[in-house]
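Me: Walk me through the pockets and the ligand here. I want the reasoning behind each label.

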Amino acid sequence: MSGTQSLIMDIAGNLEKIRNELPEGVKLIAISKTKPAELIRLAYDAGHTSFGENKVQDLAGKHEALPKDVEWHMVGHLQTNKVKYIASFIHLIHSVDRYKVLKTIHKEAAKHQRVIPCLLQVHIAEEETKFGFSEKELFEMLDSTEYQKLTHVKITGLMGMATFTGNMDQIRKEFRYLKGLKDRLKQQFFAADPGFRELSMGMTGDYKIAIEEGSTMVRIGTLIFGERNRT
Ligand SMILES: *Cc1c(COP(=O)(O)O)cnc(C)c1O
C-alpha cells in the first residue's frame, strides 16, 4: 500500500518537476514503453495525456486499456506490415524513417478517412544502428511528384536522436544540425505551411540541451517512470 502510494507521488511529482522546467511551446511526451497500463494510468490521473511507445503491439494494447482521450505517439522503428494496427488512432508518428513507410501510412490512413500527422526521422547520430533519413534522401523525397500525392499524411516536422555519448558538445552539435535542417526544409518546401513546425528531440539524458537548441517536443521516459529493465 505505502509502496503504491509513493509510486503515485513519484510519477506525479516527476511530471510536475519536468513540466515546470519546460519553456512555453515545448511539449512533453511521456515515453511509457515497457511500463504497464496501470503505471500510465497514474500519470493520466495526474493530468498527463501524451504518451509515446516504440512497439505497435504495445500501442494497440495500451490504447485499448486506457481512456480514449490519451494521445498516443509512435517513436520506434515501424514495419510497414504493422501500420494497419495503429492507423485508426495514432496521434503522431515521430519515426517515419524511409519513404516506403510513409506511403504505407498514407494508404492505411485513407482507409480510416484520416490524415495522420508524421515527423520525418533524420539520422543525426554517429551510430550506424540508429534509423533515419539522410539529408539527401529527404530532399529527394520532398522534391518528388510521387510524394505530393500522399494526401493522407501530413508532415509536421522532424525528429532525431543524438549519439549515446557523454560528450555534450557532440550532442549539441547534432541537435543544432537538425534545427538548421528543419529551417532549410521549411524555407524550401513548407514556407507557406504553418503546420510544419515541430522538432522532436531530447530524452532523459539530453533534453535540456535539446531545448536550448530549439526542441518543441521532448520524449522523456526514465525521468518519469524510472529505469526500464534492459531487454
Ligand atoms: C526510449 C525512448 C525515449 C526515452 O528515453 P529515456 O532516456 O528513457 O528518456 C525517447 N525517444 C525514443 C525514440 C525512445 O525509444
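Reply: This is a predicted model. Helix H7 (168–189) and strand S8 (217–220) each give at least two residues to the lining of the largest pocket. That lining has 36 residues, with Lys33, Lys130, Met161, Met203 and Arg228 nearest the pocket centre. The space inside is about 1,200 Å³.

Me: How do you know that the ligand sits in the largest pocket?

Reply: The test is that more than half of the ligand's atoms lie within 2 Å of the pocket's grid points. The ligand sits in the largest pocket, so it passes that test.

Me: Why is the Lys33 approach to the ligand called a polar contact?

Reply: The cut-off for a pair of N or O atoms is 3.5 Å. A polar side-chain atom of Lys33 lies 2.6 Å from a ligand oxygen. That is within 3.5 Å, so the label holds. Arg228 reaches a ligand oxygen at 2.8 Å, and Arg219 a ligand nitrogen at 2.9 Å. Both pairs therefore qualify too. Alone, the ligand exposes 390 Å², and the protein buries 91% of that.

Me: What makes Gly221, part of the ligand's surroundings, polar or nonpolar in the count?

Reply: Gly counts as polar by definition, so Gly221 goes with the polar residues. The shell has five nonpolar, three polar and three charged residues.

Me: Which element gives the most to the lining of the second largest pocket?

Reply: Strand S6 (153–160), with three residues. The lining includes Val153, Lys154 and Ile155. By class it has seven nonpolar, two polar and two charged residues. About 230 Å³ of space lies in this pocket.

Note on methods
Residues numbered from 1 in each chain as written. Predicted model: local features only at pLDDT ≥ 70, side-chain atom pairs only at ≥ 80, totals over all residues. Heavy atoms only, no water. Polar contact = N/O pair within 3.5 Å; in protein donor to acceptor, adjacent residues only side chain to side chain. Areas by Shrake-Rupley, 256 points an atom, 1.4 Å probe, with all protein chains shown as cover. 1 Å grid on protein atoms, 1.4 Å probe; cavity = no way out; pocket = protein on both sides within 12 Å on 5 of 7 lines; lining within 4 Å. Points joined across faces, edges and corners; volume = space filled by probe spheres on them. Helix = DSSP H or I, 4+ residues; strand = E, 2+ residues; numbered from the N terminus.
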